[in-house]
Amino acid sequence: MTAAMAAVIGGGLSGALQAMHLLREGADRVILIERAGAPGRGVAYGTDRPEHLLNVPAARMSAFPDDPDHFARWYAERGGGPEDFAPRMLFGDYVVGLLAVAGEGLEIVRGEAVDVDGGAVVLADGRRIEAQTVVLAPGNLPPATPRGIEPARLGALWVADPWAGPIAAGLGEGDAVLLIGTGLTAIDAALTLEANGFRGRILALSRRGLAPRAHGLREPVCAPQEALPAECIPLLRHVRRRSAEAGWRCAVHELRTVTQSLWAAASDGQRRRFLRHLRPWWDVHRHRIAPAVAATIARMEAEGRLAFAGGRIASIEVDGTVRWRPRGGGEERELRAARIVNCTGPELNVVRSGEPLLDALVGRGLIRADPLRIGIDVDLECRTLASDGAPSNELYAIGPVTRGAFWESVAVPDIRGQAQSVARRIVRSGS
């Protein structure tokens with residue numbers, strides 16, 4: 001059998017979009033390798049919870065840059081509007097449907113990729129998938145265990161993966177749940193607990209206690225009004241001034257089209273400064289939640305059933321007693337938790353991800369972590385960089401693992417743009 005033009009490793013959103021764009025650009029045969037679950041869904045869109053909504057309106061969720069209304073039309077046929085925040089499981093249906101009609105050139109292979117060697121993807125069961133080019137599309141890596149947590153010691157108290165099972169099972173009204181993290185994963189966990197009838201207390205705890213802000217019902221799309229400074233502090237001052245003038249949502253929108261270019265122009269030192277000091281505020285303002293989700297969260301807070309707090313965990317006992325110190329000082333506090341859920345978000349450092357494929361590629365010098373240790377090091381064409389810094393024309397990476405090069409690489413518009421440009425390069429070089 002002749003080698004496929006490309007093999008894509010990872011069947012979540014990033015991998016599905018990459019496979020589809022390769023076929024659209026003229027690839028004669030594409031192999032999509034997925035180790036678990038239905039290709040096209042991944043973690044974000046594999047949810048079966050209707051309360052988990054998209055974080056952006058339907059009008060901005062098309063799979064194709066040259067047909068921006070594609071998903072909005074699909075959703076309209078099912079009764080939705082372009083400004084609606086659709087259930088994530090419906091978007092998963094949309095991507096799965098696109099894969100189903102992608103054509104005979106697409107082959108889906110079930111299995112776990114553990115290496116790329118000699119022009120082939122090696123699977124855990126020994127199979128070799130011959131391919132001229134390989135695209136790594138692992139999506140968001142599984143969450144790491146927070147420092148100081150001993151899962152084996154905590155047993156059933158500890159939930160390492162909030163997506164792996166029913167986190168509300170066995171809980172009563174008098175119970176308390178600790179969510180470690182206050183970002184989007186914590187929001188999803190709180191919504192799931194609420195929808196499953198949990199009426200006890202939920203404490204979401206992170207270093208700063210910042211929670212995602214809400215989208216407005218109808219948000220203007222704002223473009224930058226002036227040249228933007230490249231350094232962190234002057235840019236922060238600019239955003240604060242624009243927030244006072246036009247509102248913080250507009251100020252953040254103004255950065256949307258230029259974020260990648262600002263990131264590309266920043267030095268490693270500026271990038272590190274941003275990650276250390278400003279990233280938490282960027283995340284909660286940039287990655288907002290649907291208005292309906294925000295309303296549910298606000299109601300839970302008003303009823304005293306959900307609280308967000310900043311602080312650090314001092315200790316966790318095997319009976320669920322959690323002692324934590326509030327940010328800024330004050331007396332140590334105590335919570336008796338019936339369940340502790342890891343909501344810290346995905347692991348970023350590929351060197352410590354524990355993924356067999358990434359471990360193998362790093363070990364043989366085929367890929368390396370980016371300088372900030374927040375993903376795989378790639379150039380601006382998404383070619384992976386070897387340990388000596390040389391770009392590869394046979395191994396690419398797209399999606400969230402490329403945040404070190406692009407920063408904005410997790411939203412659908414960013415990933416679909418990457419998938420299209422990588423597909424064009426691969427097809428052009430293989431023709």
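This talk presents selected features of one predicted model, moving from its aromatic residues to its strands and helices and then to a few individual side chains.

Good morning. Let me begin with the aromatic rings. Eleven aromatic pairs are present in the structure. Consider Phe 71 and Tyr 75: their ring centres are 5.7 Å apart and their planes meet at 5°, so this pair is classed as stacked. Where do Phe 71 and Tyr 75 lie? Both belong to helix 3, which covers residues 70–76, and they are four residues apart, about one turn of the helix. As for their surroundings, Phe 71 has a relative accessible area of 0% and is buried. Tyr 75 has a relative accessibility of 9%, and because the cut-off for buried is under 20%, Tyr 75 counts as buried.

These two residues also take part in a cluster. Ring pairs connect Tyr 45, Phe 71, Trp 74, Tyr 75, Phe 91 and Tyr 94. Trp 74, one of the residues of that cluster, has a charged companion: the charged end of Arg 78 sits over its ring, 3.7 Å from the centre. A second arrangement of this kind involves Arg 24, whose charged end sits over the ring of Phe 64 at 4.0 Å from the ring centre.

Before helix 3 comes a loop that deserves a moment. Thr 47 is located in the loop between helix 2, residues 42–45, and helix 3. Is Thr 47 buried or exposed? With a relative accessible area of 9%, Thr 47 is buried. Its side chain reaches the backbone nitrogen of Arg 49 at 3.0 Å. The side chains of Thr 47 and His 52 are joined by a polar contact of 2.8 Å. Setting aside residues up to four places away in sequence, Thr 47 touches His 52, Arg 88 and Met 89.

I turn now to strand 2, residues 30–34. All five of its five residues are buried, so the strand is largely enclosed by the rest of the structure. In a regular strand, side chains alternate between the two faces of the sheet. Here, Val 30, Leu 32 and Glu 34 point one way, while Ile 31 and Ile 33 point the other way. Strand 2 runs parallel to strand 1, residues 4–9, and four bridges join them. Within this arrangement, Ile 9 stands opposite Ile 33 of strand 2.

Leu 32 illustrates the enclosure of the strand. Its relative accessibility is 0%, and it counts as buried. Beyond its neighbours within four places in sequence, its contacts include Val 8, Gly 10, Pro 39, Leu 99 and Ile 108. By contrast, Leu 32 and Ala 176 are 144 residues apart along the chain, and their C-alpha atoms are separated by 42 Å.

Ala 176 takes us to another part of the model, an open sheet. How many strands does the open sheet have, and in what order? There are seven strands, in the order 7-13-8-9-10-11-12, with mixed pairing. The edges are formed by strand 7, residues 158–159, and strand 12, residues 333–336, each of which pairs on one side only. Further in, strand 8 (residues 176–180) pairs with strand 13 (residues 339–342) in the parallel sense over four bridges. Leu 179 has Val 341, in strand 13, as its bridge partner.

Helices accompany this sheet. Helix 11, residues 291–302, packs on the sheet and touches strand 9 and strand 10, its direction making about 70° with that of strand 10. Helix 6, residues 184–195, lies across strand 8, strand 9 (201–206) and strand 10 (306–316), and it runs at about 160° to strand 8.

Finally, two charged residues. Arg 110 is in strand 3, residues 106–110, and is partly exposed, with a relative accessible area of 46%. Its contacts, not counting residues up to four places away in sequence, include Glu 34, Pro 39 and Arg 127. Asp 115 lies in strand 4, residues 113–117, and at 16% relative accessibility it counts as buried. Its side chain forms a polar contact of 2.9 Å with the side chain of Arg 364. Apart from residues up to four places away in sequence, Asp 115 touches several residues, among them Val 121, Leu 357 and Leu 361.

That concludes the presentation. Thank you for your attention.

Definitions and conventions:
Residues numbered from 1 in each chain as written. Predicted model: local features only at pLDDT ≥ 70, side-chain atom pairs only at ≥ 80, totals over all residues. Heavy atoms only, no water. Phe/Tyr/Trp six-rings, centres within 6.5 Å; stacked < 30°, edge-to-face > 60°. Helix = DSSP H or I, 4+ residues; strand = E, 2+ residues; numbered from the N terminus. Buried < 20%, exposed > 50% of the residue type's maximum accessible area, 1.4 Å probe, protein only. Lys NZ or Arg CZ within 6 Å of the ring centre and 35° of its normal. Pairing = 2+ DSSP bridges. Contact = heavy atoms within 4.5 Å. Axes fitted to C-alpha atoms, helices over the stretch in contact; angles between N-to-C directions. Polar contact = N/O pair within 3.5 Å; in protein donor to acceptor, adjacent residues only side chain to side chain.
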